[in-house]
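I opened the model today and kept short notes. Each entry records what I looked up and what came back.

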Amino acid sequence: MDIDWAALGSVFGVSLVATVALVGLFTLGIVGLSKQEAATAQGGSAPLARTGAYACFALCAAAVAYGIFLIVS
């Protein structure tokens, strides 16, 4: 049994970067929604924060769908 350590390290690195990016993007979406709620509570409106949050969530969903596509095909 021979292990290709370079390939294993490459897979580990890519999965680590993808995980951190996906979690960071989802966190930005949550922060955007919380900013929108804070602006609404102060009497204003924050459509930009809501739109940014929805964009972050859409990118997260697209990344997950692409991952599932790669696994299935």
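I started with Phe 57 in this predicted model. Is Phe 57 buried, exposed or partly exposed? Its relative accessibility is 21%, so I logged Phe 57 as partly exposed. The cut-off for buried is under 20%, so Phe 57 does not qualify.

Next I checked where Phe 57 sits. I found Phe 57 in helix H2. Then I asked which residues Phe 57 touches, not counting residues up to four places away in sequence. The list reads Phe 26, Gly 29, Ile 30 and Leu 33. I also took one backbone distance. The C-alpha atoms of Phe 57 and Leu 25 are 7.6 Å apart, with their positions 32 residues apart in sequence.

**Aromatic pairs**

How many aromatic pairs are there? I got a count of two. One of them joins Phe 26 and Phe 57. Their ring centres are 5.2 Å apart, and the planes make an angle of 55 degrees. That pair is classed as tilted. Stacked would need planes under 30 degrees apart, and edge-to-face over 60.

Why note this pair? Phe 26 belongs to helix H1 (residues 5-41) and Phe 57 to helix H2 (residues 47-72), so the contact ties together parts that are 31 residues apart in sequence. I looked up Phe 26 as well. At 42% relative accessibility, Phe 26 is partly exposed.

**Other positions in H1**

I moved on to Gln 36, which is in helix H1. Is Gln 36 buried or exposed? Its relative accessibility is 16%, so Gln 36 counts as buried. I then listed its contacts, leaving aside neighbours within four places in sequence. Gln 36 meets Ala 46, Ala 49 and Arg 50.

Leu 28 was my next stop, and Leu 28 also lies in H1. I logged Leu 28 as exposed, at 53% relative accessibility. The cut-off for exposed is over 50%. I paired Leu 28 with Cys 56 for a distance. They are 28 residues apart in sequence, and their C-alpha atoms are 6.8 Å apart in space.

**The start of the chain**

I went to the segment before H1 and picked Asp 2. Asp 2 is exposed, with 76% relative accessibility. How far is Asp 2 from Gly 52, C-alpha to C-alpha? I got 47 Å, for two residues 50 places apart along the chain.

Ile 3 is in the segment before H1 too. I have Ile 3 down as partly exposed, at 38% relative accessibility. Ile 3 also turned up in a nonpolar surface patch. The members are Met 1, Ile 3, Trp 5 and Leu 8. Together they offer about 570 Å² of accessible area.

**Whole protein**

I closed with the totals. The protein has two helices and zero strands. Its C-alpha trace spans about 65 × 25 × 15 Å along the principal axes. What is the radius of gyration? I got 18 Å, where a compact globule of 73 residues would be near 11 Å.

How much of the protein is buried? Of the 73 residues, 10% count as buried. Gln 36, at 16% relative accessibility, is one of the buried residues. The protein exposes about 5,600 Å². Carbon and sulfur atoms supply 75% of that area.

Note on methods: Residues numbered from 1 in each chain as written. Predicted model: local features only at pLDDT ≥ 70, side-chain atom pairs only at ≥ 80, totals over all residues. Heavy atoms only, no water. Phe/Tyr/Trp six-rings, centres within 6.5 Å; stacked < 30°, edge-to-face > 60°. Helix = DSSP H or I, 4+ residues; strand = E, 2+ residues; numbered from the N terminus. Buried < 20%, exposed > 50% of the residue type's maximum accessible area, 1.4 Å probe, protein only. Patch = residues over 30% accessible without salt bridge, like charges linked within 9 Å, V, L, I, M, F, W, Y side chains within 5 Å. Areas by Shrake-Rupley, 256 points an atom, 1.4 Å probe, with all protein chains shown as cover. Salt bridge = Lys/Arg side-chain N within 4 Å of Asp/Glu carboxyl O. Contact = heavy atoms within 4.5 Å. Rg over C-alpha atoms; globule rule 2.2 N^0.38 Å.
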